[in-house]
Amino acid sequence: DAGMAAKGPGTDPQATAAPVEHRVRVLITLDVEARPVQMEDEPDAEPAPPPNLLEGTYFRVRAGTDEDGSPVEVAVNHGLSGDQGEVADDQLRQVATAEVPASLELHVTRDMVIDFLAEGGGLTLTLVSAAGDDLATFSADMVPLVRADEVAATDFVRTLASGVPWERRLPTGCRHLLDRVRIAVRVDPSAGTHLLGPALAADLNPLTFTVDRVEDLPPDYSGSPKQGGPFEELAQSCEPVRVVVRLPLGAGELVTVPRPHARSIKLGDARTVLAGLLDPGQLAEALSAEAVEVEVRDRDPKAPPKPEAELQAEREATAAEEAAEEEAAAAALAAALAAAGAAAKKGGGKGAKDAKGKDAKGKDAKGKD
């Protein structure tokens with residue numbers, strides 16, 4: 001039994017003219033973890049604190065477009081931006097941390113929502129260096145807000161974990177600086193409960209299919225106590241459980257995240273389509289007459305082990321990628337240390353010059369006396 005639900009406003013998509021945009025205030029939190037810096041300690045010297053390689057960096061958020069089509073972008077500091085990134089264009093930047101959100105106005109349009117639902121689409125945030133160079137671009141998942149969930153959160157990590165649907169891999173341009181970034185977006189409660197607003201929601205009519213659970217899955221047990229329990233034995237020879245749903249309306253397949261074998265499994269995987277972009281007659285026919293095919297894949301045999309040559313090639317590719325990241329991290333560390341040394345030298349030279357000037361002035365005064 002695969003429990004499924006489909007929800008949507010059910011509004012005639014032709015009843016409301018498509019608005020140009022809907023402006024909504026959202027709250028963004030940024031939880032940024034820097035990659036650990038490897039410092040070489042000098043003999044007989046106290047270990048120096050590692051430099052903050054993210055000093056002065058910030059995120060540029062693509063908040064939509066103006067009436068003339070030009071992009072609307074907002075600069076937001078994160079928790080490791082430091083004092084260097086406080087002011088931009090003579091304006092105090094907002095700061096978004098894991099605990100304190102930044103408040104931004106999004107210019108939500110039809111095209112923006114369609115992009116949110118595209119593969120790999122989402123809210124665009126660009127990590128910018130202290131010098132103003134673009135380092136990496138992040139695409140934060142916004143589909144949960146399109147379907148009126150409370151929050152849309154995306155974790156960007158160095159290595160993806162199996163079975164975590166809200167994770168995406170860190171962009172290549174920042175892996176030498178970052179270990180993890182979590183971007184969470186929610187609609188400001190003062191702005192209502194829906195990202196799209198009533199008019200745009202009625203026009204696009206988001207329709208969500210959810211695979212809720214599977215129940216009464218059969219075990220496979222030989223009776224041998226050495227094999228563990230019935231589902232443990234099954235897990236030794238079969239891949240984790242997946243549910244494949246072939247949806248109507250050209251929505252393709254919904255494939256759930258693999259889960260461990262069990263008699264009953266809670267799922268909650270969802271796929272959202274914009275029913276307002278479809279022909280009303282075809283939509284009605286699809287929902288009333290077309291079948292939804294559901295496959296419960298709990299007996300897919302495990303793939304045979306990869307040949308050693310293929311495993312070796314994968315290990316070498318991983319090692320080369322890690323070496324490139326280490327080289328970039330070392331270069332960033334060297335640049336940060338050089339900049340810190342130059343700043344300290346400049347500050348020390350200025351202090352000596354001031355002291356020298358004061359001494360000379362004192363001698364002049366003494367001579368006059």
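Two strands count as paired if DSSP finds at least two bridges between them. Keep that handy for this predicted model.

**Exercise 1.** Work out how strand β2 connects to β8, and where the pair sits in its sheet.

*Solution.* Start with the bridges: seven of them join β2 (residues 22–34) to β8, and the two strands run antiparallel. With a cut-off of at least two bridges, that counts as a pair. For one concrete contact point, take R25, whose bridge partner in β8 is E105. Now zoom out: the open sheet has five strands in the order β8-β2-β13-β11-β12, and its pairing is mixed. Its edge strands, each pairing on one side only, are β8 (102–108) and β12 (167–169). From one strand to the next, the twist averages 30°.

**Exercise 2.** Find which residues of helix α1 are buried, and say why they lie on the same side of α1.

*Solution.* Go through residues 110–117 and you'll pick out M112, V113 and F116 as the buried ones. Because they span an arc of only 95° around the axis, they end up on the same side of α1. Next, look at what covers them: β3 (58–65), β8, β9, α2 (143–146), α3 (197–204) and β17 (265–274) are included.

**Exercise 3.** Decide where to be careful with the coordinates, using pLDDT.

*Solution.* Overall, the protein chain has a mean pLDDT of 81, with 80% of its residues at 70 or more. By element, confidence is highest in β9 (residues 123–128), at 95, and lowest in β1 (residues 2–7), at a mean of 46. Residues 1–16 are below 50, yet beyond near neighbours in sequence this stretch has 43 contacts in the model. Residues 350–369 are also below 50, with zero such contacts. Where pLDDT is low, don't read the predicted coordinates in detail.

Notes. Residues are numbered from 1 along each chain as its sequence is written. This is a predicted model: local features need pLDDT of at least 70, side-chain atom pairs count only at pLDDT 80 or more; totals for chains, interfaces and linings use all residues. Side-chain values use heavy atoms; hydrogens and water are left out. pLDDT is the predictor's confidence in each residue, from 0 to 100. Helices (H or I, at least four residues) and strands (E, at least two) are DSSP runs, numbered from the N terminus. Contact means heavy atoms within 4.5 Å. Axes are lines fitted to C-alpha atoms, for helices over the stretch in contact, and angles run from 0 to 180 degrees between N-to-C directions. Buried means under 20% relative accessible area, exposed over 50%, partly exposed in between (1.4 Å probe, protein chains only). The arc is that of the directions from the helix axis to the C-beta atoms.
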